[in-house]
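Biologist: Before we discuss this protein, I would like each label justified by its value and its cut-off. Please show the structure and begin with the terms.

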Amino acid sequence: MAVSQVASPQRSLRYLKGVGPQRFARLNQLGLDTVQDLCLYAPRRYEDRSHLAMIRELRAGEWAVVRGTVLAAGVRRGRRRQTIVEAAVGDRSGVLRCLWFHQPYLAQQLKVGQDVVLYGQPEAGARMQMIHPELERVEPDEEPSSDQASSWGESLHMGRIVPVYSLVGGLTQRWFRRLVATVLEAVADTLEDPLPVPLRELHEWPEVSSAVRQLHFPPAWPALESARQRLAFDELLLLQLGLAQRRARTVSVQKPQRYQLEGPCTQVLRQQLPFQLTSGQQRALHDLLADLARPYPMSRLLQGDVGCGKTIVMLWLVAAAVQSDGQVAIMAPTELLAEQHARTARHLFKSLDISITLLTHGVPATQRHRLITEVAAGRINVVIGTQALLQPDVTFRRLALVIIDEQHKFGVVQRAQLAKKGAAPDVLVVTATPIPRTLALTVYGDLEISTIPDQPPGRAPIITRCVAEAQREQAYANVREQLARGRQGYVVYPLVDAASETSSATKELRAATAMAKQLRDEIFPECRIGLLHGQMRPKEKERIMQAFVSGEIQLLVSTVIVEVGLDVPNATVMVIEHPDRFGLAQLHQLRGRIGRSHDPACCWLVTGEVDDDIGQRLRAFVQTTDGFVLAEHDLDQRGPGHLRGSQQHGWIRFRIADFMKDRALLELARDEATRLLRHDPQLRNPEYRVLRQQLSRPGS
Ligand code: ADP
Ligand code: MG
């Protein structure tokens, strides 16, 4: 590879000597196209090969670098005709046996008298040996650890902290390392530093050129971490600047709706309210009403743990919109929840002449046609529904406010789809699954965030108990006792997707159905038991739910369709079957159906044998009812890819930053981005030139 060919950071790797079409295709598989991509391709891990060990001191199993002279070498055929290259390498202290399989070409490098450096894991045989050590030839007086700045020389692979990359078949570590070294040598100094000097100096970060060098060939561990951090920060800063600019664009939009924050609807709400808002609710409401009053559309996320009382805050906004002659659309992930919201809203506003309608897939065609005509004409004030709201023939006359409840069950796409049905409507998304800060700052980074941190006063704690199949009776005894005291309960089965027709879903449904029968006939013959699942007709579902709300049904046996949003405060006990089949967030949501009153509540998990990972998850669940702690735990265990919404987002893939490790850096990037843009919204200052260029590049 001739250095001069590397030329500029934007140059394609394809033109480098030694790359060729095949290797270029493989580099492409790694997402590497340009010289710059290669510079920022962080090693997967590093190996410390900086200390030379004496052969006599080698210990079995401990990776080591040794330097010695080839005393003897040869090729032979082993069993099944494999070629084995064998060599004896000696230093002042002893002799090491080395073996390589299927690599006959190595024999040429192993001439007797040749000095070599070896890196491998020693094994104790008849004498100490290494199988497949990494091999490097050195000149007799060459110091492998010499660190000449101008040339990486032979010391690329030995005598230093050595990078190890994620590669695909057909590329070797040694070849790749050399490619990186060549490229770095040619272009590292020409990389333009995006960070303004004061910022870099404040954090004592290296310049981009040396950061990139140290990322690949770190002289020492501390230097590596500081280089990595600095480059991760670059990446995060760009992301945050992009998000901040997107927020800024929203602010420049004029919305048509003007709000009357006080009026007949809010007045009725105040009178109807059976409780005082908590201070968390008040603060959130304050944010939201301030948003409505602004000339540009709201885009805000309201988060708060299960049961903190988000519904009333939503309905307050509904009241403000309706008395201002705007239409409102509320979307919820399940019919049950949509119905519940419709019920709550109708009840609260019953003294007013407000038309509230429910629009789900369950609404019969003729009725639906009439409904959507009314909505389109603006004669219906509030439409509450499921994804059915997204259908193209659902249109509004003056859609002022869009609310999406349990946003984590939807994707970002649906949010945008619903908002498009109005002219710059205000958008509020609501979630009970606490969004870990990292996601709040990335996937949801274009939203303002309000949090309700408290729970209504007087809530009794929920006790969670995990019992084995054999102790199932304990759970039943508790259910019996609660029901006898006039309380209600749930028994939940893990039917993951009620709409799916897969055989396993059917099987689980049968299990829930059979269970309901057994509970009814044998276990709680004295109780009124209802069955609720996703494959029931909507009318039937609603009837069962109504019966549960009214207390006519005491124990509701159901699939996971009760997971989100349902609010029956009299329910104080829940039994979850096969809890291992649920994620933590889901378990937390389910458990949130109880513990909504002053009475103590109990959640029982009935498990069979579970493996370690699941055991750990369930233990975490038993130990805390804090949704935020659980969400972080989930993120730690499973990574962000599992979180809903992220998949649809065209997930932000970091090159260098690490979602888990760099949380603090992410905060810092957010603050810096805000500060930079406050001083210089267009980033016109010459010291931001590189940042500005990188921002305008597609894909950033
Ligand atoms: P979530 O935040 O999970 O959506 P909900 O809005 O369903 O919670 O509220 C849970 C329960 O708490 C409801 O029964 C609601 O009436 C009640 N609630 C809400 N706010 C308060 C409050 N400030 N004081 C007492 N009860 C409240
Ligand atoms: Mg809710």
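Modeller: A residue is called buried when its relative accessible area is under 20%, and exposed when that area is over 50%. The model is predicted. By the first cut-off, Lys541, Ile544, Met545, Ala547 and Phe548 are the buried residues of α17.

Biologist: How do you know that these residues sit on the same side of α17?

Modeller: The directions to their C-beta atoms are taken from the helix axis. The buried residues cover an arc of only 160° around that axis, which puts them on the same side of α17. On the other side of α17, Lys539 and Ser550 are exposed.

Biologist: What covers the buried residues of α17?

Modeller: The cover includes the helix α11 (335-348) and the strands β19 (488-492), β20 (529-532), β21 (555-558) and β22 (571-577). A contact here requires heavy atoms within 4.5 Å.

Biologist: What makes the end-to-end distance of α17 agree with its length?

Modeller: The expected span is 1.5 Å times one less than the number of residues. For the 13 residues of α17 (residues 538-550) that should give 18 Å, and the end C-alpha atoms are 18 Å apart, so the two agree. Gly551 follows α17 and has a positive phi, near 95°.

Biologist: Why are β13 and β17 said to stand at the edges of their sheet?

Modeller: The open sheet has seven strands with parallel pairing, in the order β13-β14-β12-β15-β16-β11-β17. Each of β13 (356-359) and β17 (448-452) has a single partner strand, so one side of each lacks a neighbour in the sheet. On average, neighbouring strands of this sheet are turned by 20° against each other, direction ignored.

Biologist: What makes β11 and β16 a pair?

Modeller: Pairing needs at least two bridges between the strands. β11 (residues 299-304) and β16 (residues 426-431) have five bridges in the parallel sense, so the condition is met. Within this pair, Leu301 stands opposite Val429 in β16.

Biologist: How many bridges join β1 to β10, and in which sense do they run?

Modeller: Four bridges join β1 (residues 45-48) to β10, and the two strands run antiparallel. Arg45 has Val164 in β10 as its bridge partner. From β10 (residues 161-164), Ile161 and Pro163 point one way, while Val162 and Val164 point the other way; all are buried.

Biologist: Why is Phe233 called buried?

Modeller: The cut-off is under 20%. Phe233 has a relative accessible area of 0%, so Phe233 counts as buried. Phe233 lies in helix α7 (residues 221-251). Leaving out residues up to four places away in sequence, Phe233 touches Leu195, Leu199, Trp205, Leu665, Leu668, Ala669 and Glu672.

Biologist: How do you know that domain 3 and domain 4 touch, and how far apart are their centres?

Modeller: The contact takes 17 residues from domain 3 and 19 residues from domain 4, while the C-alpha centres lie 28 Å apart. The domain assignment gives domain 3 as 264-452 and domain 4 as 462-624.

Biologist: What share of the protein counts as buried, and what share of its contacts join residues at least 24 apart?

Modeller: Of its 700 residues, 54% count as buried. Among contacts between residues at least 6 apart in sequence, 73% join residues at least 24 apart. The protein has 22 helices and 23 strands, and its C-alpha trace spans about 100 × 65 × 45 Å along the principal axes.

Notes. Residues are numbered from 1 along each chain as its sequence is written. Chains are lettered from A and ligands numbered from 1 in the order in which they are written. This is a predicted model: local features need pLDDT of at least 70, side-chain atom pairs count only at pLDDT 80 or more; totals for chains, interfaces and linings use all residues. Side-chain values use heavy atoms; hydrogens and water are left out. Buried means under 20% relative accessible area, exposed over 50%, partly exposed in between (1.4 Å probe, protein chains only). Axes are lines fitted to C-alpha atoms, for helices over the stretch in contact, and angles run from 0 to 180 degrees between N-to-C directions. Domain bounds come from an automatic or database domain assignment.
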